[in-house]
Amino acid sequence: MKYLARRCLTLLFAAATALAAGAAQADPPTRVMRLSQADGPVSFLPAGTDDWLRVSPNRPLVPGDRLWSDDGARAELRIGSSALRLDERTSVALLNNVDRMTQLQMTQGTLTVRARQISRDRPIEIATPNLAYRVVRPGSVRIDVDPEGGWTEITLRSGQGDVYGEGRGFVLNAGVTYRFWGTDLRSQERYALPARDAFDRWSDERDQRWDRASSARYVSPEVVGYEDLDDHGRWQVVAELGPVWMPSAAPAGWAPYRDGHWAWVEPWGWTWIDDAPWAFAPSHYGRWTRVNERWAWVPPPRRLQPVYAPAVVQFVGGAGVSASFSIGGVSAVAWFPLGPSEVYRPMYTASPHYLQQVNTTNTVIRTTNVTNIINIINAPVTNNTFVHRREGSIVAMPVNAFAQARPVGPAALPVPRELALRLPTSVARSAPVAPQVASIAGAAPRSERRPPPAALQRPVIARAQPPAIAVPSFGTAVPASPREPAGRTAPAPRTPATAAAPAPEVRVVTARAAPLPPAPIKPTGPDRAAERRGAPAERPTAAAPAPAAERRAEGPPPAAPREIVPPRAPDVPVPGRTRSEQPASRPADMPPPPRQAEVKPPPRQADVTPPRQADVTPPRQADVTPPGRAREVAPPGRQIAATPPVKPDADASPAERRASPATPPPPFARREADKPAPDKPAATPPGRQPAAAPPERPPATTPPPRQATAVPPAREDRPAPPTREAKPAPPTRESREERRADRPAAAPPPPREQRADAPPDARRAPPAAAPRKATAASERASEARRAAFERAPKSREPNPG
């Protein structure tokens, strides 16, 4: 039983989820793309038709719509907080526009994207013949597509984007221009950012106008068209309503939704397209009110993301069956704007969640509960329900003119006060007019400026599969009854429309974006102006490195064949040269070695002998004898410090220097100038034997040499000190090398010319000539001291008693 109950609950939950998903799929998009600016000959092809039209601003774009900017033309598109701008000879089409992504097809030309608030969850994707580029971070990017479809160039000035091709994808960072050839992203080039041209400067001016808009302090940045309000009106704070905007050029008797026309736009149906350049935001967001007998627009709450509505109006009808009535014997249809806190009743099928969002994000609704809003929508209304159902606010026109999307101004019918009071007391949720083929284009003139046929049929690459294009179909409209529950209205049966232009082929790739491998960046790129005039572009010969995963799949590259080297002849030594300078012999028929082998390696540290302290011999204390003081005499047989190694000649070759390297001093050796001089020169009594040198220790543990101990002068009555026995000689370098040669793993050290019994600081000892002079002087000083001692008075002798 528990299993069955749990199974039933699972099935019920799945059914509820499916119903919710179906209702969500039936909801129209919450945001829309607007054609905000058109300079020059810009052509427009609505979805479901074959006739190119001259586009007018404020036209909402839906999937399937195409745009073409001819020579000297530019256009601007707005969606949410992002702007897309087209340069001349650019062909784009809207493939998808849902809440989570906007997808455009671009087959040739130049397009810039300025994104303010965007993320990877809600990107803007540009599908081109070579790749699919996604804007995933706020910033500015320019995309150029070759008219022949050979390459796509991406100039990323700020932000970040992902590029996808067949089998691979990369993450592009700002500050570089990337050009990709083909469809697999292997062949590419990178350039430094180019200088801004006329199109870039025009885009910068539009961005500055957008950034300076003071209306951003009162409306949400997601409100499309708010930047146009500053130039055509002013803001004023009203009690109980907050900030409101008033148009400055409204003529006498003007009312909202009067200057423009109605058009059929899927999936919303009848959509209002205003002629005023500032009227897009007030026509599709917020509510209208009167302040001191002047019309004022109340913006939606700034903290919320508003939901787009095709027209924030209410149609007037009677008996719940038809919203038409007669004015002067002419069948007419009428409407009026909604006021603050009034509930909007859409004319299309929508879920309860959508009904709540489209109302609470555009005005302050006192009752925000979903059930209460639906009850208000389904309940019958009276004349006293709406504040603007009165003379001067109701706009009427003939039904035929309404169905043919003609301008309302010339065809408007006057609604006198007596007639406004006698209008039907009910309100319909849908217009009573069935759409026609002319309901899409209306009275827009035809355009002869069309893109090349190849631009319409060139295949593109996309990252996500776009949905099927909804082709409008027309038939007899069945208006909904006010007593019929909202959100469950079935669409009216329609007949298929005329054949539309063939949809372009879209190839979907599924690769993931990875970091782009490093490559050199060229200082300058190709000449864009020359390429636009038809100059061919040079394709790079070197391809970009493949990702690591592909390199591992392909396996290691094949090994190169080994070169067969002939055997060398024995070397013949040349007299007068060292072993390192002997020429290497080679066979007579063997070609000479390459010149690169003759280049000598950089000089080593031993080749350049730094100046040593021993090269400059400081004056010794024994060489300068003060007056009245005998000079030091070295004892006979005393061992003098070893002579330092001879400094290599400056003219000697590097090979000779390496043959006799200088022995660097140990790190603990003290310089001669730093050693303290003895207070009194020591004299050694005659007959003293020279002390044997201590055995040599490794350089790492050898202490500095000990200072000679001063010996007082000898006296006649003092016995001579015993002769010291000579210590065994230290092991020579040859013996150590023999012991090391016995070890199999160690190699003998290179030969050194320095004496094996020299102390570690021998290289800092005085020159060899100094010991001979110092010995003769010491002997003369010793003889002088003996003579002076013999001539001394006897009283200085000790008392024998």
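**Group meeting: salt bridges and a buried threonine**

Okay, let's start with one residue, Thr-112. Leaving out residues up to four places away in sequence, Thr-112 touches Ala-83, Leu-84, Arg-85, Val-141, Arg-142, Phe-199 and Ser-203. If you want to find Thr-112 on the screen, look in strand 9, which covers residues 101-115. And is Thr-112 buried or exposed? Thr-112 is buried, with a relative accessible area of 8%.

Before I go on, please keep in mind that this is a predicted model.

Now the wider view. We have a chain of 801 residues, and 41% of them are buried. The chain has 15 helices and 33 strands. If you take the contacts with a separation of 6 or more, 68% of them are between residues 24 or more positions apart. As for the outside, the accessible surface comes to about 44,200 Å², and carbon and sulfur atoms account for 55% of that.

Right, on to charges. Side chains of opposite charge can pair when their charged atoms come close. How many salt bridges does the structure hold? The count is 26. I'll walk you through three.

Remember Arg-85, one of the residues that Thr-112 touches? Arg-85 forms a salt bridge with Glu-76, with the closest N and O atoms 2.9 Å apart. Both partners are tucked away: Arg-85 is buried at 1% relative accessibility, and Glu-76 is buried at 3%. This pair also has company. Glu-76 and Arg-85 are linked in a network of salt bridges with Arg-114, Arg-116, Arg-206, Asp-207 and Asp-211.

Next up, Arg-446 and Asp-51. They form a salt bridge too, and here the closest N and O atoms are 3.8 Å apart. Arg-446 sits in the loop between helix 9 (438-441) and helix 10 (453-457), while Asp-51 sits in the loop between strand 2 (42-45) and strand 3 (53-54), so this pair ties together parts that are 395 residues apart in sequence. What about exposure? Arg-446 is partly exposed, with a relative accessible area of 45%, and Asp-51 is partly exposed as well, at 40%.

My third pair is Arg-186 with Asp-184, a salt bridge whose closest N and O atoms are 3.9 Å apart. Arg-186 counts as partly exposed at 26% relative accessibility, and Asp-184 is partly exposed at 25%.

So, to recap: a buried pair, Arg-85 and Glu-76, and a loop-to-loop pair, Arg-446 and Asp-51. That's it from me, thanks for listening!

Notes:
Residues are numbered from 1 along each chain as its sequence is written. This is a predicted model: local features need pLDDT of at least 70, side-chain atom pairs count only at pLDDT 80 or more; totals for chains, interfaces and linings use all residues. Side-chain values use heavy atoms; hydrogens and water are left out. A salt bridge is a side-chain nitrogen of Lys or Arg within 4 Å of a carboxyl oxygen of Asp or Glu. Helices (H or I, at least four residues) and strands (E, at least two) are DSSP runs, numbered from the N terminus. Buried means under 20% relative accessible area, exposed over 50%, partly exposed in between (1.4 Å probe, protein chains only). Contact means heavy atoms within 4.5 Å. Accessible areas come from the Shrake-Rupley method with a 1.4 Å probe; for residues, only the protein chains shown count as cover.
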